[in-house]
Structure formats: C-alpha cells, structure tokens
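Welcome! Here is a friendly first tour of a protein you may not have met before. Have a look at the sequence and the model, then read on.

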Amino acid sequence: MVPAGESEFSAGGVVVRDGRCIVIVPTRRAADGSRVLALPKGHPDGAESPADAALREVREETGVDAEVVEELGDIRYWYMRGGRRIAKVVSFYLLEYVSGELEDHDHEVERAQWMALDEAAQRLTYKGERDMAAAAGRVLSRRGKPQ
C-alpha cells in the first residue's frame, strides 16, 4: 500500500486537426536520460477542473488553444521520486485545435510538432499515452472525422 499523500493527478490532451495530433519532446528526460515523445499534460492549478487544466497545459506546452471534444480516459502508473513510490493518474481529453502556433510553447518543452495520429499511437514513448492516441483515433472514426 502507498502511504496517504503519495499520489499525484494530472490532466492532458490529444489535440487533433486533419488526422494529426500534437506531440511534444519535454526538456525533462526519461529515467535513463533519453528523450521522451509525449502528449502535453500537467497538474491542475488550485481548484482548476481537470478539463481546464488540460486546456491550460496544452496552451503552455504547445502554444495552441483547443476546445474539449470529450474525455478519453485515465492512465494510471507508479513512479519513484526521492526513494518514494508515487501513484499517478492522468486524465486525458480529446481536444480540437482552435488557433495558435507550435513555436509559442513554454520552456518545459524542447519541441512541439504535428504527427499523424496513427503514427503517434505507435511512437509515443509511454504505452498509456500510445493508448490515448489510439483512443482518440477511435473517437474520430466513430464521429466520421479523418484520422
């Protein structure tokens, strides 16, 4: 069992436009020092809702504004920080691009880019995020949108 207080919550988004989604390379590296290909995500600020946190994090990490289409689901995992085991939950949303330029991302991101959604579902570093990209593709397909 994890002691109380040893958990974290974040929210993120799969931003889509014309069958592509935005992926980022954060400045923070994986535990082994390698670059990570990820989806934008982060912690809510204060009483911010998960959906609002996802939209803000997307704006900060990718430079674009988006709107929520629907919730995609949660990924859950454990990680170690300072010798402590942390339980993490990240809620992801399918987001539709509204405006903005990828070059306007913040200092936490080395690079933001558009990638074909099916390619992202194969290439994202972490399985949970690959699953979210695949789920976004299924939602778009169900809605009759290009993927």
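The briefing below goes from the whole chain to its strands and then to a few single residues.

Please keep in mind that this is a predicted model. The protein has three helices and six strands, and from the N terminus on these follow the order β-β-β-α-β-β-β-α-α. Its radius of gyration is 15 Å, close to the 15 Å that the globule rule gives for 147 residues, so the protein is as compact as a globular protein of that length.

**The whole protein**

- Along its principal axes, the C-alpha trace spans about 45 × 30 × 30 Å.
- Of the 147 residues in the protein, 46% are buried.
- Among contacts with a separation of 6 or more, 68% are between residues 24 or more positions apart.
- The accessible surface comes to about 7900 Å², and carbon and sulfur atoms account for 48% of that surface.
- The protein has 21 positive and 26 negative charges, and the mean positions of these two sets lie 6 Å apart.

**Strand β1 and its partners**

- Strand β1 covers residues 7–17, and eight of its eleven residues are buried, so you will find this strand mostly covered under the rule that buried means under 20% relative accessible area.
- With β5, strand β1 pairs in the parallel sense over ten bridges; in this pairing, F9 stands opposite V89.
- With strand β3 (residues 41–42), β1 pairs in the antiparallel sense over two bridges. Here A11 of β1 is placed opposite G42.
- With β2, strand β1 runs antiparallel and is joined by two bridges. V16 has C21 of β2 opposite it.

**Strand β2 and its partners**

- Strand β2 (residues 20–26) is mostly covered, with six of its seven residues buried.
- Two residues separate β1 from β2, and the two strands form a hairpin.
- β2 also runs antiparallel to strand β6 (residues 109–116), and seven bridges join them. One place to look is I22, whose bridge partner in β6 is W114.
- As a general point for viewing strands, the side chains of a regular strand alternate between the two faces of the sheet.

**The β4–β5 hairpin**

- Strand β4 (residues 64–81) and strand β5 (residues 84–100) are paired in the antiparallel sense over 16 bridges.
- Y77 has K88 in β5 as its bridge partner.
- The two strands form a hairpin with two residues between them, and G82 in the turn has a positive phi of about 60°.

**D18, in a turn**

- D18 is found in the loop between β1 and β2.
- This residue has a positive phi of about 55°, although D18 is not a glycine.
- Is D18 buried or exposed? D18 is exposed, because its relative accessible area of 62% is over the 50% cut-off.

**I24, in strand β2**

- I24 is found in strand β2, and it counts as buried because its relative accessibility of 3% is under the 20% cut-off.
- Leaving aside neighbours within four places in sequence, the contacts of I24 include V36, L37, A38, L39 and P40. Also among them are E61, T62, V109, R111 and A112.
- K41 is 17 residues from I24 along the chain, and their C-alpha atoms are separated by 10.0 Å.

**E57, in helix α1**

- E57 has its place in helix α1, which covers residues 50–62.
- With a relative accessible area of 7%, E57 is under the 20% cut-off and is therefore buried.
- Which residues does E57 contact, leaving aside its neighbours within four places in sequence? They are A11, P40, K41, G42, H43 and T62.

**S141, in helix α3**

- S141 is found in helix α3, which covers residues 127–142.
- Its relative accessible area is 42%, so S141 is partly exposed, in between the 20% and 50% cut-offs.
- S141 and V23 are 118 residues apart along the chain, and their C-alpha atoms are separated by 20 Å.

Note on methods. Residues are numbered from 1 along each chain as its sequence is written. This is a predicted model: local features need pLDDT of at least 70, side-chain atom pairs count only at pLDDT 80 or more; totals for chains, interfaces and linings use all residues. Side-chain values use heavy atoms; hydrogens and water are left out. Helices (H or I, at least four residues) and strands (E, at least two) are DSSP runs, numbered from the N terminus. The radius of gyration is taken over C-alpha atoms; the globule rule is 2.2 Å times the number of residues to the power 0.38. Buried means under 20% relative accessible area, exposed over 50%, partly exposed in between (1.4 Å probe, protein chains only). Contact means heavy atoms within 4.5 Å. Accessible areas come from the Shrake-Rupley method with a 1.4 Å probe; for residues, only the protein chains shown count as cover. Lys and Arg count as positive and Asp and Glu as negative; His and the chain ends are not counted. The place of a charge is taken as NZ of Lys, CZ of Arg, CG of Asp or CD of Glu. Two strands pair if DSSP finds at least two bridges between them.
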